[in-house]
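Me: Take me through one part of this model up close, please. I'd like the backbone oddity in the loop after the first helix, and then whatever helps put it in context.

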Amino acid sequence: MTVLSDVEQAITDLRRHVCELHAELTRYGLVIWTAGNISARVPGRDLLVIKPSGVSYDAMRPEHMVVCSLDGDLIDGDLAPSSDTAAHAYVYRHMPEVGGVVHTHSTYATAWAAVGEPIPCVLTMIADEFGGEIPVGPFAAIGDDSIGRGIVETLRDSRSAAVLMRNHGPFTVGADARSAVKAAVMLEDVARTTFISRQLGTPQLLPAAVVDGLFDRYQNIYGQRKA
C-alpha cells in the first residue's frame with residue numbers, strides 16, 4: 001500500500017527516529033535477541049510506526065520500520081509488524097496524550113512483574129519519573145489488544161509512565177517515543193536498586209506529600225526550558 005503523500009516526510013523521519021531509538025534498548029541492556037519493541041504515533045494521523053517482528057537489532061534499518069493504523073492493520077511496509085502492535089494501537093486509541101510506547105523484558109523490572117508486585121516509591125527517582133509506585137497490570141495474551149487493555153486500565157488512575165504486566169514484562173509510555181524510552185531506562189534502574197535495597201533491609205516509603213513535590217519539580221521545573 002502507499003501512504004498519503006502529505007505524511008510521507010513525517011513517516012520517513014519517524015522511521016529513522018524509531019529505528020535509532022532501538023539502539024538505546026540494547027545500549028542499556030533492556031532487551032535480548034529480537035525481544036522488545038518501540039512505536040511512535042504519527043502526529044495528526046491515526047497511524048503508528050513500529051518495529052517489525054523477529055528482526056535482529058543489528059540488522060534493523062529505517063526502511064524496515066512498518067506503518068500501521070490505530071486498529072493495528074498494516075498500512076505500509078514490507079515486513080510483518082511486531083506481535084505487540086495491537087497492544088500499542090489500543091494504547092494510542094485510548095490514551096491520546098501518549099505519543100510513544102516501549103516494551104522490554106529488562107531483567108529487574110520483569111522480575112517484579114513475575115512476582116506480581118508493584119515497585120514501591122522508596123526513591124526520589126521513582127517519585128520524579130513515575131509519581132508514585134510503579135503498578136502491576138493483569139496477565140494478558142500476546143497477539144491481540146488484551147495487553148493494551150490491561151495497560152490502559154492500569155495507567156488510567158496512575159501518574160506512572162510504566163506498568164509491569166504480570167508474568168510478562170514492562171511497558172512504558174511517553175509524550176513521544178524518546179520519552180517512553182527514557183522511562184524504560186529509568187524503570188530498570190529503579191527496579192534494580194529497589195531490589196538490592198531489600199537485600200540490605202526494609203526500604204522506607206516516601207511520604208505522599210514529598211512524592212507530589214518531587215514529581216511536580218521534576219516534571220515542571222527540572223532541566224532546561226524552552227524560551
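**A closer look at the loop**

Reply: Trp33 lies in the loop between α1 and β1 (37-41), with helices (H or I, at least four residues) and strands (E, at least two) taken as DSSP runs numbered from the N terminus. Before going further: this is a predicted model, where local features need pLDDT of at least 70, side-chain atom pairs count only at pLDDT 80 or more, and totals for chains, interfaces and linings use all residues. Numbering runs from 1 along each chain as its sequence is written, and side-chain values use heavy atoms, with hydrogens and water left out.

The oddity is that Trp33 has a positive phi of about 50°, although it is not a glycine. Most residues other than glycine have a negative phi. Trp33 is also exposed, at 78% relative accessibility (exposed is over 50%, buried under 20%, partly exposed in between; 1.4 Å probe, protein chains only).

Now step back into α1 (residues 8-27), where His22 sits. His22 is buried, at a relative accessible area of 1%. Beyond four places in sequence, His22 touches Asn37, Ile38, Lys51, Tyr57, Met60 and Met65, a contact being heavy atoms within 4.5 Å.

Trp33 has a counterpart elsewhere: Asn167, not a glycine either, has a positive phi of about 60°. Asn167 is in the loop between β7 (162-165) and β8, and it is exposed at 51%. On the other side of β8 (169-174), in the loop leading to α6 (177-200), you'll find Asp176, which is partly exposed at 38%. Leaving out neighbours within four places in sequence, Asp176 is in contact with Gly99 and Gly100.
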